[in-house]
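Q: Please take a close look at one part of the model shown here, and then relate that part to its surroundings.

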Amino acid sequence: MAMDVKRVKDYIYWLYYQYLLVTCSYVLEPWEQSMFHTITVTVVAMVVYTAYVFVPIHVRLALQFFSQIFGAQPESSVAN
């Protein structure tokens with residue numbers, strides 16, 4: 001069990017170093033790094049929230065639109 005925790009910890013460190021290399025943020029000063037990470041996390045959080053809120057609505061509307069185009073019977077005319 002301890003070996004698995006160490007392996008996961010090493011993998012997370014490796015991912016963080018990959019992130020630093022890809023974003024070139026390893027060359028920034030510590031205060032610049034913290035600002036960069038704060039802005040990055042904020043932007044990612046806003047994108048995830050927007051996708052969570054708006055993507056299902058647009059998928060539902062697209063399905064309704066295409067079902068009307070391809071001849072599916074509208075929901076209001078279905079007999080109960």
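Where is the place of Ser25?

A: Ser25 sits in the loop between α1 and α2, where helices are DSSP runs of H or I of at least four residues, strands are runs of E of at least two, and both are numbered from the N terminus. The model is predicted, and local features need pLDDT of at least 70, side-chain atom pairs count only at pLDDT 80 or more, and totals for chains, interfaces and linings use all residues. Residues are numbered from 1 along each chain as its sequence is written, and side-chain values use heavy atoms, with hydrogens and water left out.

Ser25 has a relative accessible area of 0% and is therefore buried (buried: under 20%; exposed: over 50%; partly exposed: in between; 1.4 Å probe, protein chains only). When its neighbours within four places in sequence are left aside, Ser25 contacts Leu20, Gln33, Phe36 and His37; contact means heavy atoms within 4.5 Å. One of these partners, Gln33, belongs to helix α2 and, at 19% relative accessibility, also counts as buried. Not counting residues up to four places away in sequence, Gln33 touches Leu20, Ser25, Tyr26 and Leu28. Leu20 is thus listed as a contact of Ser25 and as a contact of Gln33.

The surroundings of the loop also carry an annotation. In the unreviewed UniProt entry, "transmembrane region" covers residues 12–28 and 34–55; such annotations may be inferred rather than shown by experiment, and UniProt positions are given in the numbering used here, with feature names shortened. Residues 12–28 are 71% helix and 0% strand, with end C-alpha atoms 21 Å apart. Residues 34–55 are 100% helix and 0% strand, and their end C-alpha atoms lie 31 Å apart.

On the α1 side, the structure holds one salt bridge, a term for a side-chain nitrogen of Lys or Arg within 4 Å of a carboxyl oxygen of Asp or Glu. The bridge joins the side chains of Lys6 and Asp10 at 3.2 Å, N to O. These residues are four apart in helix α1 (residues 2–23), so about one helical turn separates them. Lys6 is partly exposed at 47% relative accessibility, and Asp10 is partly exposed at 39%. Side chains of opposite charge can pair when their charged atoms come close.

Aromatic side chains add five pairs; rings of Phe, Tyr and Trp (its six-membered ring) pair if their centres lie within 6.5 Å, with planes under 30 degrees apart stacked, over 60 edge-to-face and the rest tilted. Tyr16 and Tyr17 make a tilted pair, 6.0 Å centre to centre with 55° between the planes. Tyr16 is partly exposed at 36% relative accessibility, as is Tyr17 at 48%. By contrast, the planes of Phe66 and Phe70 lie at 20° with ring centres 6.3 Å apart, so this pair is stacked. Phe66 is partly exposed at 44%, whereas Phe70 is exposed at 67%. Tyr16, Tyr17 and Tyr19 form one aromatic cluster.

On the α2 side, Val47 is placed in helix α2 (residues 30–69) and is exposed, with a relative accessible area of 52%. Together with Trp31, Met35, Ile39 and Val43, Val47 makes a nonpolar surface patch of about 530 Å².

How values were computed: Patches are made of residues with over 30% relative accessible area and no salt bridge: like charges are joined within 9 Å, nonpolar side chains (Val, Leu, Ile, Met, Phe, Trp, Tyr) within 5 Å. Accessible areas come from the Shrake-Rupley method with a 1.4 Å probe; for residues, only the protein chains shown count as cover.
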